[in-house]
Amino acid sequence: MSSRDALPREDRARDDLPARDPHIPVLLQPLLAAVAPVRGLWLDGTLGAGGYTRGLLEAGADCVIGIDRDPLALQMAASWAAPHGDRVRLVEGTFSALDTLAGEPLDGVVLDLGVSSMQLDQAERGFSFMKDGPLDMRMSQSGTSGADLVNTAEETTLADILYHYGEERASRRIARAIVAARTLEPITTTARLAEIVAKCLPRPKPGQSHPATRSFQAIRIAVNTEFTELAEGLAAAERALKPGGLLAVVTFHSLEDRIVKRFLQLASGQEANANRYAPAKTDTNARFDLVTRRAVGPDDAELAANPRSRSAKLRVARRTAAPAMSLDPADIGVPQIVKKGRR
Ligand SMILES: C[S@@+](CC[C@H](N)C(=O)[O-])C[C@H]1O[C@@H](n2cnc3c(N)ncnc32)[C@H](O)[C@@H]1O
């Protein structure tokens, strides 16, 4: 079995498909069904094209606070949000600070993780190896870019990022090739990075994903500190939700889903390896009760309408009255990478 064959199903499926249509929000109907009836003040921590925010408003939310770290998402929202008046509050920021950005207790929080199709489709944002562009990858359009990272990080750090954030088995070989290439000339474009990675791996068979899929995912996660954001965002939701408030998270790859699953297991007092057929134990200190005991994926109709939804998973939990607790990201499986720059 080649390392390509070992790719998780969702990772093989994603990059050769058309980008996610911004007008088709993923898993929105199952999400709304799981959190019904929708009432009160909700927070959408990943506004994007606003599909979830609009869905929540139509389902009965009094008001939705829409947060995104990408200034472009906020600019675009200005036009579609106007008819909703003060039922939509737009905030530029990161969901790791959602409790302070909201400033008041919430009835619900939704997070739809990852990049939007608007971001993937714009070559100049540098997220896609399918389109050549500057190696940027910053959702917020500020801070350290993909090019900064690949041109300055130490080889061991690059290898750790590729391995832990992309599950790339050839991480050391690719890191070595990146360092060799950048000593000749800085790596500044997505096409150049994709070419360097592709040369380290076997040619993909028909139906397999581009060899750079995992490396691009890993570097994007590192550039946007996505796993730290996720851990802090889950903890912030725990602090911000009222007793009875709902948390719904949609993930797009197994690494993200593992972190959300582990958080909800810990926060709901479920043991990680408990027999799934045994009745759920009641833990009076639990900060959440699980609404979905197992992750919910797309049904056949959604898969047919939007093949990119294939890798999406929804988990929903309800906040209890137990006090919020501090969280060590390592406890929910966030890989700890010590970043070292080139000396
Ligand atoms: C998959 S899209 C969301 C799509 C949205 N649910 C819709 O229906 O249009 C993810 C969005 O979340 C934003 N995002 C990702 N991580 C973020 C973070 N930590 N804080 C704030 N926004 C984030 C991205 O910039 C992107 O616009």
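A polar contact is a pair of N or O atoms within 3.5 Å. In this predicted model, one such pair joins the protein to its ligand at aspartate 112, where a polar side-chain atom lies 2.7 Å from a nitrogen atom of the ligand. That distance falls within the 3.5 Å limit, so the pair counts as a polar contact.

The backbone joins in too. At glycine 50, a backbone N or O atom sits 3.2 Å from an oxygen atom of the ligand. Tyrosine 52 offers a polar backbone atom as well, with an oxygen atom of the ligand 3.3 Å away. So how much of the ligand ends up covered by the protein? On its own the ligand would expose 600 Å², and the protein buries 97% of that.

Now for the wider surroundings. The ligand takes up the space of the largest cavity, and 24 residues surround the ligand. The closest of them are Ala49, Asp68, Asp112, Gln119 and Glu229. Sorted by class, this shell is a mix: 10 residues are polar, eight are nonpolar and six are charged.

Away from the ligand question, the salt bridges deserve a look. The count comes to 11. One of these pairs the side chain of aspartate 99 with that of arginine 239, at 2.7 Å from N to O. Aspartate 99 belongs to helix 5 (residues 98–102) and arginine 239 to helix 12 (residues 226–240), so this salt bridge ties together parts of the protein that are 140 residues apart in sequence.

Notes: Residues are numbered from 1 along each chain as its sequence is written. This is a predicted model: local features need pLDDT of at least 70, side-chain atom pairs count only at pLDDT 80 or more; totals for chains, interfaces and linings use all residues. Side-chain values use heavy atoms; hydrogens and water are left out. A residue is near a molecule or strand if one of its heavy atoms lies within 4 Å of it. A polar contact is a pair of N or O atoms within 3.5 Å; within protein, one must be able to donate a hydrogen and the other to accept it, and residues adjacent in sequence count only if both atoms are side-chain atoms. Accessible areas come from the Shrake-Rupley method with a 1.4 Å probe; for residues, only the protein chains shown count as cover. On a 1 Å grid over the protein atoms alone, a cavity is a set of points where a 1.4 Å probe fits but cannot get out, and a pocket is an open set with protein on both sides within 12 Å along at least five of seven lines; lining residues have an atom within 4 Å of a point. A molecule sits in a cavity or pocket if more than half of its atoms lie within 2 Å of its grid points. Ala, Val, Leu, Ile, Met, Phe, Trp, Tyr, Cys and Pro count as nonpolar, Asp, Glu, Lys and Arg as charged, and the others, Gly among them, as polar. A salt bridge is a side-chain nitrogen of Lys or Arg within 4 Å of a carboxyl oxygen of Asp or Glu. Helices (H or I, at least four residues) and strands (E, at least two) are DSSP runs, numbered from the N terminus.
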